[in-house]
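The following exercises practise the reading of a protein model. Please study the sequence and the structure before turning to the solutions.

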Amino acid sequence: MRGFLVRTSDFWRLMDDEFGPAYSRTLAATLTLADLGDRTPADALRAGLDPRRIWQAVCEMQEVPASRRLGRDVRPR
């Protein structure tokens with residue numbers, strides 16, 4: 001994922017695409033990640049950590065396959 005930029009809005013889109021809108025919010029509020037200083041993803045975002053780093057930590061913990069870590073393909077409008 002070298003060079004892959006993730007903004008906060010991208011982080012939430014990736015979370016929603018992978019886990020669904022409702023569960024992604026629950027997961028972000030309750031999943032404690034050692035890689036983020038024992039913070040939840042939501043706490044890490046509030047603390048100003050890089051959203052890309054947070055997304056990668058979630059993917060590792062939740063065993064998201066590498067093929068889905070860049071999100072789903074979105075057809076241009």
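A salt bridge is a side-chain nitrogen of Lys or Arg within 4 Å of a carboxyl oxygen of Asp or Glu. By this rule the model holds 6 salt bridges. The model is predicted: local features need pLDDT of at least 70, side-chain atom pairs count only at pLDDT 80 or more, and totals for chains, interfaces and linings use all residues. Residues are numbered from 1 along each chain as its sequence is written, and side-chain values use heavy atoms, with hydrogens and water left out.

**Exercise 1.** Determine which residues of helix 1 are buried, and where they lie around the helix axis.

*Solution.*
Step 1. Helices (H or I, at least four residues) are DSSP runs, numbered from the N terminus. Helix 1 covers residues 8–19.
Step 2. Buried means under 20% relative accessible area, exposed over 50%, and partly exposed in between (1.4 Å probe, protein chains only). In helix 1, the buried residues are Asp10, Phe11, Leu14, Met15 and Phe19.
Step 3. Seen down the axis, the buried residues of helix 1 fall within an arc of 135 degrees (taken from the directions from the helix axis to the C-beta atoms). They therefore line one face of helix 1.
Step 4. These buried residues pack against helix 2, helix 3 (41–46) and helix 4 (51–62).

**Exercise 2.** Describe the surroundings of Ser24.

*Solution.*
Step 1. Ser24 belongs to helix 2, residues 21–30.
Step 2. Ser24 counts as buried because its relative accessibility is 0%.
Step 3. Contact means heavy atoms within 4.5 Å. Neighbours within four places in sequence aside, Ser24 touches Trp12, Met15, Asp16 and Phe19 in this sense.

**Exercise 3.** Examine three salt bridges, namely Asp17 with Arg13, Asp43 with Arg46, and Glu60 with Arg69.

*Solution.*
Step 1. Side chains of opposite charge can pair when their charged atoms come close.
Step 2. For Asp17 and Arg13, the N to O distance is 3.7 Å. The two are 4 residues apart in helix 1, so about one helical turn separates them. Asp17 is partly exposed at 30%, and Arg13 is partly exposed at 31%.
Step 3. For Asp43 and Arg46, the N to O distance is 2.4 Å. These two are 3 residues apart in helix 3, again about one helical turn. Asp43 is partly exposed at 33%, while Arg46 is exposed at 63%.
Step 4. For Glu60 and Arg69, the N to O distance is 2.7 Å. Glu60 is partly exposed at 49%, whereas Arg69 is buried at 15%.

Key: The expected span of a helix is 1.5 Å times one less than its number of residues.
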